[in-house]
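Here's a quick briefing on how two helices meet and what sits around their contact. Have the viewer open and follow along.

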Amino acid sequence: MDSPDSPAPSPAGPSGSNGPHGPNGRRPRHRDRHGRGMRGPIAPPQVPLSVSRAEAFVDLVQDSAERLERRWPQLASVDFAVREVPVPGEDGEPDEALFLDGGSVPLGRYVAAHGDEPDRIVIYRRPVEIRSKNRDDRALLVHEVVVEQVAELLGLAPESVDPRYGQD
């Protein structure tokens, strides 16, 4: 009987026979069952493969916020958030206040500072994604929504916040 500390039997087996592993005790080297060998990486290393749509959307919002923050340093204290969809009654607003503009779903929202909570700009991911056809359209729409909400926060026109607002 082998003790737990005893060395593992040799690959050639106890009798020294070749067995299924070949004459030197190692498994013969095969590329794969179709002879193609190891496949290369799915994408280059600099391309993130595991970024979800939600994470990519958050990145778009952060990029827009950082772009505006360079022009408007007071935005450093503003909290930019992403939510899936608007929920009536959240943030202390009455249910009907969320859908005042004829029943359309808002794309973003400015929530004024309250107590210890800073000013907050919320961008709603699903409504923005539904209104955009591709990633470029989505990035443009996200930036426009962020600019509109920052303009409301600062009490300025969106064109004053970002001179390229509304231009393709």
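**Two helices and a core**

R135 is part of helix α3, which covers residues 135–154. Keep in mind that this is a predicted model. From R135 we'll go to the α1 contact, then on to V61 and the nonpolar core.

**R135**

- With a relative accessibility of 51%, R135 counts as exposed, because the cut-off for that class is over 50%.
- L60 sits 75 residues away from R135 in sequence, yet the C-alpha to C-alpha distance between the two is 9.7 Å.

**How α1 and α3 pack**

- Helix α1 takes in residues 53–71, and its axis comes within 9 Å of the α3 axis, the two crossing at roughly 50°.
- That angle falls between the roughly parallel class (under 35 degrees) and the roughly perpendicular one (65 to 115), so α1 and α3 count as oblique to each other.
- As for handedness, the crossing of α1 past α3 is right-handed.
- On the α1 side, the residues that meet α3 are F57, L60, V61, S64, A65, R67 and L68.
- Their counterparts in α3 are R135, R138, A139, V142, H143, V146, V147 and V150.
- Sorted by class, this contact of α1 with α3 has ten nonpolar residues, two polar ones and three charged ones.

**V61, on the α1 side**

- V61 belongs to helix α1.
- Is V61 buried or exposed? Its relative accessibility is 2%, and under 20% means buried, so V61 counts as buried.
- Setting aside neighbours within four places in sequence, V61 is in contact with F80, V82, I123, V142 and V146.
- A81 is 20 residues from V61 along the sequence and 8.2 Å from it in space, C-alpha to C-alpha.

**The nonpolar core**

- The largest nonpolar core has 24 residues, and F80, I123, V146 and V150 are the ones with the most contacts inside it.
- α1, β3 (120–124) and α3 each supply at least two residues of this core.
- Which element gives the most to this core? That's α3, with eight residues.

**V146, on the α3 side**

- Again leaving out neighbours within four places in sequence, V146 is in contact with V61, S64, A65, L68, F80 and I123.
- F80 and I123 turn up among the contacts of V61, and they are also among the contacts of V146.
- V146 itself is one of the α3 residues that meet α1, and it is listed with those that have the most contacts inside the largest nonpolar core.

How values were computed
Residues are numbered from 1 along each chain as its sequence is written. This is a predicted model: local features need pLDDT of at least 70, side-chain atom pairs count only at pLDDT 80 or more; totals for chains, interfaces and linings use all residues. Side-chain values use heavy atoms; hydrogens and water are left out. Helices (H or I, at least four residues) and strands (E, at least two) are DSSP runs, numbered from the N terminus. Buried means under 20% relative accessible area, exposed over 50%, partly exposed in between (1.4 Å probe, protein chains only). Axes are lines fitted to C-alpha atoms, for helices over the stretch in contact, and angles run from 0 to 180 degrees between N-to-C directions. Angles under 35 degrees count as roughly parallel, over 145 as roughly antiparallel, 65 to 115 as roughly perpendicular and the rest as oblique. A crossing is left-handed if the near helix is turned anticlockwise from the far one by less than a right angle, and right-handed if clockwise. Contact means heavy atoms within 4.5 Å. Ala, Val, Leu, Ile, Met, Phe, Trp, Tyr, Cys and Pro count as nonpolar, Asp, Glu, Lys and Arg as charged, and the others, Gly among them, as polar. A nonpolar core is a set of buried Ala, Val, Leu, Ile, Met, Phe, Trp, Tyr and Cys residues joined through side-chain atoms within 4.5 Å.
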